[in-house]
Amino acid sequence: MANDAVAKFNALMQEYVDKSYNELYEIASQSLSVAMDVFNKIAKDGNGAPYVVLFLSTTLAIDGKFTELEYKFLNDLLGGGVDYNSAKANVQSHYNDEAFDLADKVIDSCPQDMKTVLLMLVTCVAAVDKTITVEEARYIAKLLV
């Protein structure tokens, strides 16, 4: 990325970090709803959840930490009833290059409007703990290009 593009990207990431939990939840919830509708339509079995889980889990895994706040956000997004240990194990199972590359391939195959929805979702998830780590920023940038 050129210096101007990097500055714009960093400013956008900071905008998300500065949003309240409720603002991030609203954006992520709307994005999740749109993503599920699209993925349900394209999934051969009509169940797009594995695609959404891929994006949520890789975003939560990329920095190697799964915080209580990230768990709360995930649980809220999914309507409650998410077991912490199961969620943590799922996130840990996505902490590998294969999962990260698969998410990148999936987003690359999406039309631009769907890419935007997915990028908003992952950015909200990354920003919920009031910071976007270098690893999270690199991951979002990888999904972006």
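User: How far apart are the mean positions of the positive and negative charges of the protein?
Analyst: This is a predicted model, so take what follows as computed from it. The protein carries 12 positive and 21 negative charges. Work out the mean position of each set, and the distance between the two comes to 3 Å.

User: Which kinds of element build the protein, and how many are there?
Analyst: Reading from the N terminus, the order is α-α-α-α-α-α-α-α. Strands number zero. That leaves the count of helices, which is eight.

User: What is the radius of gyration of the protein, set against the globule rule?
Analyst: For 145 residues the globule rule gives 15 Å. The model comes close to that, so the protein is as compact as a globular protein of that length. Along the principal axes, the C-alpha atoms fill a box of roughly 45 × 35 × 30 Å. The radius of gyration itself is 14 Å.

User: What share of the contacts with a separation of 6 or more is between residues 24 or more positions apart?
Analyst: Let's start with burial: 43% of the 145 residues count as buried. On the outside, the protein exposes about 7,700 Å², with 54% of that from carbon and sulfur atoms. As for the contacts you asked about, the share from residues 24 or more positions apart is 71%.

User: Which residues of helix 4 are buried?
Analyst: Helix 4 spans 68–77. Its buried residues have cover that includes helix 2, helix 3, helix 5, helix 7 and helix 8. Just after the helix comes Gly-79, with a positive phi of about 85 degrees. The buried ones are Glu-70, Tyr-71, Phe-73, Leu-74, Asn-75 and Leu-77.

User: Is Gly-81 buried or exposed?
Analyst: Gly-81 sits in the loop between helix 4 and helix 5. From Tyr-25 it is 56 residues away in sequence and 17 Å away in space, C-alpha to C-alpha. The cut-off for exposed is over 50% relative accessible area. Gly-81 has 81%, so the verdict is exposed.

User: Which residues does Ser-31 touch, not counting those up to four places away in sequence?
Analyst: Ser-31 is part of helix 2, residues 21–42. At 2% relative accessibility, this serine counts as buried. Leaving out residues up to four places away, Ser-31 touches Val-117, Met-120 and Leu-121.

User: What is the relative accessible area of Ala-127?
Analyst: Ala-127 belongs to helix 7. Beyond its neighbours within four places, Ala-127 is in contact with Tyr-16, Val-17, Leu-24 and Ile-132. Asp-45, by contrast, is 82 residues away in sequence and 32 Å away in space, C-alpha to C-alpha. Ala-127 is buried, and its relative accessible area is 0%.

User: Which residues does Lys-130 touch, once those up to four places away in sequence are set aside?
Analyst: Lys-130 lies in the loop between helix 7 and helix 8. Its backbone has a positive phi of about 70 degrees, although Lys-130 is not a glycine. Tyr-84 is 46 residues from Lys-130 in sequence and 20 Å from it in space, C-alpha to C-alpha. The residues that Lys-130 touches are Val-17, Asp-18, Lys-19 and Ser-20.

User: Why does Lys-130 count as partly exposed?
Analyst: The partly exposed class runs between the buried limit, under 20%, and the exposed limit, over 50%. Lys-130 falls in that class because its relative accessibility is 44%.

User: Which side chain makes a polar contact with the side chain of Thr-133?
Analyst: Thr-133 is in the loop between helix 7 (112–127) and helix 8 (134–144). With a relative accessible area of 13%, Thr-133 is buried. Beyond its neighbours within four places, Thr-133 is in contact with Asp-63 and Lys-65. The polar contact, at 3.2 Å, is with the side chain of Glu-135.

User: How far apart in space are Thr-67 and Val-128?
Analyst: Thr-67 is in the loop between helix 3 and helix 4. At 26% relative accessibility, Thr-67 counts as partly exposed. Thr-67 and Val-128 are 61 residues apart in sequence, while from C-alpha to C-alpha the distance in space is 10.0 Å.

Key:
Residues are numbered from 1 along each chain as its sequence is written. This is a predicted model: local features need pLDDT of at least 70, side-chain atom pairs count only at pLDDT 80 or more; totals for chains, interfaces and linings use all residues. Side-chain values use heavy atoms; hydrogens and water are left out. Helices (H or I, at least four residues) and strands (E, at least two) are DSSP runs, numbered from the N terminus. The radius of gyration is taken over C-alpha atoms; the globule rule is 2.2 Å times the number of residues to the power 0.38. Buried means under 20% relative accessible area, exposed over 50%, partly exposed in between (1.4 Å probe, protein chains only). Contact means heavy atoms within 4.5 Å. Accessible areas come from the Shrake-Rupley method with a 1.4 Å probe; for residues, only the protein chains shown count as cover. Lys and Arg count as positive and Asp and Glu as negative; His and the chain ends are not counted. The place of a charge is taken as NZ of Lys, CZ of Arg, CG of Asp or CD of Glu. A polar contact is a pair of N or O atoms within 3.5 Å; within protein, one must be able to donate a hydrogen and the other to accept it, and residues adjacent in sequence count only if both atoms are side-chain atoms.
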